[in-house]
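Colleague: I would like to look closely at one single residue, and then to see how the rest of the model is put together around it. Please take it slowly, since I am new to this.

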Amino acid sequence: MDWIYVQMQSESARTPLPLDILVPDRRFPGPYKTVFLLHDMAGNNTSWMRHTNIEERLAETGAVLVMPSCLNSFYVNMYYGYDMLDYMTKELVQLCEGWFRLDQRRESRLVAGLGMGGYGAVRAALAAPEVFGTAVSLDGFLDPGRFYQEKLAAVKMEDVMGPEGYFRRSPNNLWVAARGLAYNVKPEIVLISSAKDAFRNEAEALYTAMTEWGISACLKTDEEKGLDFLAEKVRAM
Amino acid sequence: MAFMEINLYSEVLNLEIPVSVILPQQPSRPLKTVWLYHGSTGDHTLWARYTNLERYVRERGMAAIIPTGHKSLFTNMVHGQDYGTFLGEELVARMRQIFPCLSRAREDNYVGGLSNGAYGAFRVGLRYPETFCAIGAFSGGDTADQYFTDDGTYRGRRHVLVFGEGCPAESEHGVKYLARKLTKQGGPYPRIYHAAGELEPSGRGDGLTGFFKELPFEYRFEVFPGVGHEWKLWDQAVFRYIDDFLGIKAETTKYYV
C-alpha cells in the first residue's frame, strides 16, 4: 500500500486536522471500499499504524484505510468543543471521495475503532446509516456514561457530552440512538469484546438491545482475535 | 488546501519514494498540476518550506506534486536507477491512479524545477512532451553538456554516477539533443520558461538562451534583478511561471481552506 499523510482544514471542526491514509497498490484500480479506523482516547491519526500491523493485515483487501484524528472528542458534536460527528459522517467522507476513486455504496464503507474509537464507530453508523454499512467496535467504550463517575484523565465528560442527565437522553447514548433509528437502512454493528471486563457487560447489553430493536448486530468474544475479525469483515465487503 | 506527504512504492526504482502533494480539499474540476523538482542537495519538502507555493496553487485551485529525485539529476542514471522513467512515466500514472481528480490533459500539466531540478525539468519535459505542455527551468540549463570524469572530487564522482565518464550531451541526457530530436519529430513542443538571478553566472544567459531561439519552441528567458542562486529567486520565478507565463490567474483570496 502507499501511505499518505494529510494536513487539511476541517470546516466542521473549524480547525486543521491531520489524517493518515493507506491506499491499495497499483494492482487495485478501484473503485475502492473504504475503511475508517478510529483511534482510542489519547490517540491520534498515527495510532493504528504505530500500534498494530493493520497495513499488513488489510493490504490484500483492496480497501482504502482512512485514519483521522479526532482528539478526545468521542467522535461526537461536543457539548463544548468540536463538531466531530459532522466531520466524521459528512466532511471526511466527502473529502476522501473528492480525492480518491471510492465505491460510494454504503455497504462498501466500514467504520471501525478501538476503545473510544469503538464507541465513535457505532455512534457514526447509528447517526449516518446511509453512509456507513458496517461499524466494528473493538473493545469499545460503549457506555461513556460510566465516565461521569470514573473520572478520566484530562477529559471532562460534561464538556464532551453535556450534563449527565442530558447525555442519558441524547443520541450520544448508544441505547437512545439505536432505539430511535428511524431509517429504513440499518447498519450492521459488530461488537468485539476481547477481554472479560466491565466493557464486556456493556457489549453484551448493547448487543441484546440492538437485536431486540431489529438492528443486525453480532458479538464476538474470542480473546485476541479482534483484528482477525476486522480483516475478515473487510475482505468480505 | 490539503498538504499531503505520500510514501509511494516505485516499481521502476524498487524504492519507497516520498512525494509532497498539495491538493484542493474539494476539487470541482480536473486539476491543473505543476510537477516541481528540487535542487541537487534538496528533497520533496523544500518547495513548500522555502516558497509560497501552497498559497499560489490554493489561489488558483490547482495541484502541485513534488517528488524526491535523490542525487539522480532526474534522469536515467548510468550507475544507478531510472529516475527519468520514474518521474516521466510511473509517478504520473500512479498519481493519476490514486487521485483521479488530477487532469490528464497535456495542456493542464507543467513541469518545473530549480538548479539541477531545472535541468531535470528540461530533461523530463523534452523527453515526455506528450505529458507536459510547459517547462519552467529556474537557475539551470543543459547540465549534460560537459565532460565528466571521476577526478576524485565529490562533484566529479557524483556526476559520473549519473552520466558516466565523458560527455553525455549527444544522448538522452542532453537537453539540446532532446530538443533537436523533438524538432525532427515535429513536436509537440513544450513552452519553455527559463529564469535566472542577476547575481548568478547563468543570469548572463547560458548555452540554451541562443539555442532555443533557433528552434520552433516558444522560449522566454527572464533575469530577476538583485538575486542570485537562492530561494528568494525561485519563489518569484515559480510565481511568474504559473501566473504570467502559464497565465493561470488567482480565483480566490480566501485565506483558509
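Leaving aside its neighbours within four places in sequence, with which residues is B:E222 in contact?

Modeller: Please keep in mind that this is a predicted model, in which local features need pLDDT of at least 70, side-chain atom pairs count only at pLDDT 80 or more, and totals for chains, interfaces and linings use all residues, while side-chain values use heavy atoms and leave out hydrogens and water. Residues are numbered from 1 along each chain as its sequence is written, and chains are lettered from A and ligands numbered from 1 in the order in which they are written.

With those neighbours left aside, B:E222 is in contact (heavy atoms within 4.5 Å) with B:Y193, B:H194, B:A195, B:A196 and B:R240. With B:R240 there is also a polar contact between the two side chains, at 2.8 Å; the term stands for a pair of N or O atoms within 3.5 Å, where within protein one must be able to donate a hydrogen and the other to accept it, and residues adjacent in sequence count only if both atoms are side-chain atoms. B:E222 lies in strand β8 (residues 219–224) of chain B, where helices (H or I, at least four residues) and strands (E, at least two) are DSSP runs numbered from the N terminus. B:E222 has a relative accessible area of 16%, so it counts as buried, a word for under 20% relative accessible area with a 1.4 Å probe and protein chains only, against over 50% for exposed and partly exposed in between.

From B:E222 we can step to B:F3, which is 219 residues away along the chain, with 30 Å between the two C-alpha atoms. In that part of the sequence we find β1(B), which pairs with strand β2 (residues 15–23) of chain B in the antiparallel sense over 9 bridges; two strands pair if DSSP finds at least two bridges between them. The two strands form a hairpin with 4 residues between them, and B:N14 in the turn has a positive phi of about 50°. Within this hairpin, B:E5 has B:S20 of β2(B) as its bridge partner.

B:E5 also stands opposite A:Y5, which takes us across to the other chain, where β1(A) is joined to β1 (residues 2–10) of chain B by 5 bridges, the two strands running antiparallel. The contact between the chains takes 22 residues from chain A and 24 residues from chain B. A salt bridge, meaning a side-chain nitrogen of Lys or Arg within 4 Å of a carboxyl oxygen of Asp or Glu, links the side chains of B:R94 and A:D2 (2.9 Å, N to O), and the rule finds 3 salt bridges across this interface. The polar contacts there come to 11 residue pairs, both residues at pLDDT 80 or more. On the side of chain A that touches chain B, β1 (2–10) and α3 (84–99) of chain A are the elements that give two or more residues, and β1(A) supplies the largest share, 8 residues.
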